[in-house]
Amino acid sequence: MGVNAGTFIFEFLNLKLIGTDEAAIRQSGDQTKVEISNCFVTGGSIKQRLIYKDDEGNLTIADLTISGQTIEQQSFISALFGINIFNDFTITETGFIHIVSGNSSVTNMNIYDDSTVVGSALIDPGPVQPNYYLFAATGNNQFSNIVVYQASMEQYLIYVYQAKSVTIDDLYVHDLTKLSAQVINFQSGSLTLTNSVFERLESTVYFIGGVIYINIQNEADKVQITNCNFTECTRVDETPGGAIGFNLYNKGQLEIDGACNFNECEAIGGCAIYGIVQSGASLIIEDECLFYKCSYEIPHSSGALELHIQGGEVIIQGACKFVECISQRGGAIYSIIQNNGLLNIGGECIFDQCVSSYGGAGAVYVNIQNQGQLILDNACYFDKCISEGPYYGGGALDLMLFEGGGSVIIREACVFNSCECIQSEGGALNIYIQDEATMLIEGACIFDRCTS
């Protein structure tokens, strides 16, 4: 059916479609208006698209269920210039493809029962081939109340490229055991992710970031992740970043705040988060974010966070907690700081019973070169952190200051309580200083019952 002018309403239809045409419903014309509501599509197959929108008219879909359909070539819905979907859009029991491009909103969508996300047919795919994602967010886009579970995710769920403003709220993705692409892949623009949950996701993505990848290239790019939970996000290969991976450049900014939780995430490097911060870019983690039992104990593993800071800055503040995180070196945080980079941990952050199983920094390991700097301040608390192995040392901190200067400052009532180095030196701190590097401890810091 072709819709070229006027208003068409499809309501309370039960359809079984078989055909080879370009689309079952094709909407054209800037002034057209199509509304599809309370419809059910089942069985059979169609050659290319169920619904195809190729102009700037208005397309609204509400309460649509697609079950048992097969699209042989392209997509269930291909929408140019935007689309609005709300109120229980559901696809089950089949492979499917779904597209949104332009200024769009998607609300209350369910993807489940062994569905398979396999690609797209977007007309303007940006810098990649057009079979890389389910949703392409390239304008002002809103996604909310989307559920994905027990599906096979072979392509990105949401791909953000040169987007003016993308908001994702209440996204619930869980129990995916064949996650071979990130759920969200951000390349440029502005993204806000809020109130979302990612649970029991087993990633085979051969790139950093098992669930979310963020690539920020310039000052105009910004990503904010607020009040989100990542639970049992794991890697089955030797690629870092169990939940989030990122590359930040040229004054771009990533913020993780609003009590985000990372629970029992696993990866060889950065069990929860792995990232590179360069050229004036910044990462801020604040507002009581929690890293709980983010652990990986095979050789060369690092902490809940692995951070490579090369001329950028990382600020961790606002009573963030690292609890029972374990790795071979740097149970909570492993960081290399270079080229005037800065890692600032403050604001009453807590490191509780974090462990290095190999040796070196039960809580925080830093390697500082070429004027890099670590600052610990404002009542950070290290409680019962342990370095277990025979190599290196430091029950709480292992500080390696190499060539090119660099500095460590510990101040403003930081506390080290009952930290222990079992087989090496430094119950609280192990320090190696070379060249012109400096170390300063001041401001009523407390070292209480630390042993080695």
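Hi everyone, let me start with a pair of sulfurs. In this predicted model, the sulfur of cysteine 349 has its closest cysteine sulfur in cysteine 320, at 4.7 Å, and that is too far for a bond. A disulfide here needs the two sulfur atoms within 2.5 Å. Cysteine 349 is also buried, at 0% relative accessibility.

There is a second case to put beside it. For cysteine 385, the closest cysteine sulfur belongs to cysteine 419, and the 4.8 Å between them is again too far for a bond. Cysteine 385 is buried too, with a relative accessible area of 0%. So how many disulfides does the rule give for this model? The count is zero.

Now let's step back to the whole chain. You'll be looking for helices in vain, since the secondary structure comes to zero helices and 52 strands. Of the 452 residues, 60% are buried. The chain exposes about 16600 Å², with carbon and sulfur atoms supplying 44% of that area. For those of you who like contact maps: among contacts with a separation of 6 or more, 81% are between residues 24 or more positions apart.

On to the strands. As a reminder, strands of a sheet pair through backbone hydrogen bonds, either parallel or antiparallel. One open sheet here has five strands in the order S33-S37-S41-S45-S49, and the pairing is parallel. Which strands stand at the edges? They are S33, residues 295-296, and S49, residues 420-421; each has a single partner strand, so one side of each is left without a neighbour in the sheet. Further in, S41 (residues 355-356) and S45 (residues 386-387) run parallel and are joined by two bridges. Within that pair, valine 355 has isoleucine 386 of S45 as its bridge partner.

Finally, the packing. The largest nonpolar core has 91 residues, and Phe262 and Phe291 have the most contacts inside it. Strand S20, residues 163-179, gives this core its largest share, with seven residues. There is also a second, separate core of eight residues, and Ile25, Ile36, Ile51 and Ile61 are among them.

If you'd like one residue to click on, try phenylalanine 262. What does it touch, leaving aside neighbours within four places in sequence? The partners include the aromatics Phe230, Phe291 and Tyr292. Phenylalanine 262 also contacts Ala243, Ile244, Ile256, Ala272, Ile273, Leu290 and Cys294.

That's my tour, thanks for listening!

Conventions: Residues numbered from 1 in each chain as written. Predicted model: local features only at pLDDT ≥ 70, side-chain atom pairs only at ≥ 80, totals over all residues. Heavy atoms only, no water. Helix = DSSP H or I, 4+ residues; strand = E, 2+ residues; numbered from the N terminus. Buried < 20%, exposed > 50% of the residue type's maximum accessible area, 1.4 Å probe, protein only. Contact = heavy atoms within 4.5 Å. Areas by Shrake-Rupley, 256 points an atom, 1.4 Å probe, with all protein chains shown as cover. Pairing = 2+ DSSP bridges. Core = buried A, V, L, I, M, F, W, Y, C linked by side-chain atoms within 4.5 Å.
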